[in-house]
Amino acid sequence: MEFYGGASRDDLTYSDVFLIPSRSAVTSRLDVSLAPGDGTGATIPIVSANMNSVTGPRLAASLARRGGLGVLPQDMPLQELAEAIRWVKNQPVIFDTPYDFAPETTVEEARLHVPAAPGQGIVLHDADREYLGAIAATRLATALPDAKLGDLLHGAITSISADDIDGPRDAFDAMVAADLEFAPVLQHGAVVGTLSRTSALRATIYEPAVDADGRLRVAAAVGINGDVVEKAKALVQAGVDVLVVDTAHGHQEGMLRALRALREAALGVPIVAGNVVTPAAVNDLVDAGADILKVGVGPGAMCTTRMMTAVGRPQFSAVLETAEAARALGAHVWADGGVRYPRDVALALAAGASSVMIGSWFAGTIEAPGMLQTDAEGRLYKESWGMASTKAVKERFGRLDAYELARKTLFAEGISSSRIYLDPLRPSLEDLLDMITSGVRSSFTYAGAATLAEFHERALVGIQSAAGYEEGKALPVSW
Ligand SMILES: NC(=O)C1=CN([C@@H]2O[C@H](COP(=O)(O)OP(=O)(O)OC[C@H]3O[C@@H](n4cnc5c(N)ncnc54)[C@H](OP(=O)(O)O)[C@@H]3O)[C@@H](O)[C@H]2O)C=CC1
Ligand SMILES: Nc1nc2c(ncn2[C@@H]2O[C@H](COP(=O)(O)O)[C@@H](O)[C@H]2O)c(=O)[nH]1
Ligand SMILES: [K+]
């Protein structure tokens, strides 16, 4: 990456900078590879944040199916975490994970999980796991809230037989021919997944992130306290593919100790560690055993660290400098936090990140763990909160005695409640992934880069005024 017109003495963040087009020999956006090449096995440079409101098993499976990596949060009890890893590993790779309900479930209950959106659907099984039929989610818009899903099954949707379809392109054509937006996929009478036209199309464009056995990949986080190695071993045993050692201040002795112990244990999975923002921290953490550094202090949407402590660093400069230091050591950097638009992802990658971690933006999706809620105007949202907020700290340390808990809650550095609205045009994680990856593919071709390594090399970055940034926004109404 090079600065166009000279570097800045001030630290910069994403809104301060922009990309300049250069002569390109990459003639199609579909000729671009977005693979991070950082040893995680991901095929797109997107990871979801280890936040309770963001990454649950369903979101992790959907993300891996499109080539990204979900990081399950360290706050889940170990048994639940191991269970979640196994669940992800059992999900279909080509087909979607079904929304599976009992026929007695009411429409109101189902709407907490699935919005009445085209392309979404529900499958029903009885108590003996006998398949009963499937319903398009759009039916939920007109049915009475207390109606039972089982009563909506008349004229249930035609299913597709997994044995009859020869790959996703064939599945897409079959759905168009049968005029289906959504269909359950059956094999020997059992549901093996679902498909929408869009997901069949996606399966032709994205490459799933799979392990050596062809199962979806998943990452999980651990903190730096307690028996880190024991917990990490249990996660590896459950099948985790990448471990993230995560704490607010990653450049500290507790982190170095944990990393050395993990290196000693030689668990055979890449170790991500953070959060850090300086080359000095990169050197120390890589020296202690980290393969990838998680970079970002204070940019997160749920984060109050900068206001509480003044600590942090504008994210573009933090990524740029740490990525350079990491590269010199054969390590990589994930840019964590503060991403609100596809352009931010492109800029983080230009600065040298191998992948970009997204939290709050993904909290407002169908696949995120929370229930769908509706505000007074009928808009759908999910609740989100910071992992260092009073709410998260209370949940994390709920087992401690009242005195210890009170001491811990003194140090909240995040907000406890926030509404993240679903984008009505892009309510699912995969809709956001389409938007992000198409934006980034386009950024690559503007820079003349066919791979992430070439993008790092060729990106030309300018510095702009606030008015320059403002000029780039679209105007939904006339001026
Ligand atoms: N990226 C960011 O900007 C930030 C992210 N977070 C996220 O919040 C979650 C909780 O992290 P965390 O609060 O570290 O909890 P952890 O459970 O990981 O514990 C942190 C440990 O580090 C010690 N510590 C020393 N200095 C600090 C410091 N300045 N801030 C926090 N802990 C410190 C704590 O001791 P003691 O409690 O006695 O001080 C404790 O032992 C993580 O997911 C983290 O990534 C939190 C803040 C900033
Ligand atoms: N200072 C805090 N940082 C937090 C907290 N919870 C999460 N985080 C960090 O934010 C990113 C995600 O950023 P986003 O802008 O995409 O939401 C996450 O990975 C953490 O590093 C918190 O309570 N305080
Ligand atoms: K912030």
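**View 1. Pro 118, a loop residue that is partly exposed.** In this predicted model, Pro 118 counts as partly exposed because 13 other C-beta atoms lie within 10 Å of its own. You'll find Pro 118 in the loop that links α3 (107-111) to β6 (121-125). Leave out residues up to four places away in sequence, and Pro 118 touches Thr 138 and Glu 181. Phe 182 is worth picking out here too: it sits 64 residues from Pro 118 along the chain, and the two C-alpha atoms are separated by 8.1 Å.

**View 2. Two non-glycine residues with positive phi, Arg 129 and Asp 179.** Start with Arg 129, whose phi is near 65°, a positive value in a residue that isn't glycine. Arg 129 belongs to the loop between β6 and β7 (131-136). Is Arg 129 buried or exposed? Exposed, because it has just 9 other C-beta atoms within 10 Å, and 12 or fewer is the cut-off for that class. Now turn to Asp 179, which isn't a glycine either and has a positive phi of about 55°. Asp 179 is placed in the loop between α5 (167-177) and β9 (182-187). With 7 other C-beta atoms within 10 Å, Asp 179 is exposed as well.

**View 3. How the chain splits into domain 1 and domain 2.** Domain 1 is made of three stretches, 2-93, 208-368 and 424-471, while domain 2 is a single run, 100-202. Their C-alpha centres lie 33 Å apart. Where they meet, domain 1 puts in five residues and domain 2 puts in six. On the domain 1 side of that contact, three residues are nonpolar, two are charged and none is polar.

**View 4. Strand β11 (residues 219-222) and its neighbours.** Look along β11 and you'll see Ala 219 and Ala 221 pointing one way, with Ala 220 and Val 222 pointing the other way. Which of these four are buried? All of them. Strand β4 (residues 69-72) pairs with β11 in the parallel sense, over two bridges, and Val 71 has Ala 219 as its bridge partner in β11. Strand β12 (residues 242-246) also runs parallel to β11, and four bridges join the pair. There, Ala 220 stands opposite Leu 243. Add helix α7 (residues 228-238) to β11 and β12, and you have a right-handed β-α-β unit.

**View 5. Ala 49, a buried loop residue.** Ala 49 lies between β3 (46-48) and α1 (57-65), in the loop. Why does Ala 49 count as buried? Because 29 other C-beta atoms lie within 10 Å, and the class starts at 20. Skipping residues up to four places away in sequence, its contacts are Val 54, Thr 55, Val 71, Met 357, Ile 358 and Gly 359. Trp 361 is 312 residues from Ala 49 in sequence, and their C-alpha atoms are 10.0 Å apart in space.

**View 6. The shell around ligand 1.** There are 21 residues around ligand 1, and the ones that come nearest are Gly 223, Thr 247, Ala 248, Met 387 and Ala 388. How does this shell divide by class? Ligand 1 has 13 polar, six nonpolar and two charged residues around it.

**View 7. The shell around ligand 2.** Here the count is 24 residues, with Gly 300, Cys 303, Gly 359, Gly 386 and Gly 414 coming nearest to ligand 2. Strand β16 (355-358) and helix α13 (360-363) each supply at least two residues of this shell. By class, the surroundings of ligand 2 comprise eleven nonpolar, eleven polar and two charged residues. Gly 359 may look familiar, as it is one of the contacts of Ala 49.

**View 8. A three-stranded open sheet with mixed pairing.** The strand order is β1-β20-β2. Which strands form the edges? They are β1 (2-3) and β2 (17-19), each of which pairs on one side only. Strands β2 and β20 (residues 460-463) run antiparallel and share three bridges. Leu 19 has Val 461 as its bridge partner in β20.

**View 9. A cis peptide bond leading into Asn 275.** The bond from Gly 274 to Asn 275 is cis, and its omega is near 10°. Asn 275 is placed in strand β13 (residues 271-276).

Conventions. Residues are numbered from 1 along each chain as its sequence is written. Chains are lettered from A and ligands numbered from 1 in the order in which they are written. This is a predicted model: local features need pLDDT of at least 70, side-chain atom pairs count only at pLDDT 80 or more; totals for chains, interfaces and linings use all residues. A residue is near a molecule or strand if its C-beta atom, placed from the backbone, lies within 6 Å of it. Ala, Val, Leu, Ile, Met, Phe, Trp, Tyr, Cys and Pro count as nonpolar, Asp, Glu, Lys and Arg as charged, and the others, Gly among them, as polar. Domain bounds come from an automatic or database domain assignment. Two residues are in contact if their C-beta atoms, placed from the backbone, lie within 7 Å. Two strands pair if DSSP finds at least two bridges between them. A crossover is right-handed if, with the strands pointing away from the viewer, the path from the first strand over the helix to the second runs clockwise.
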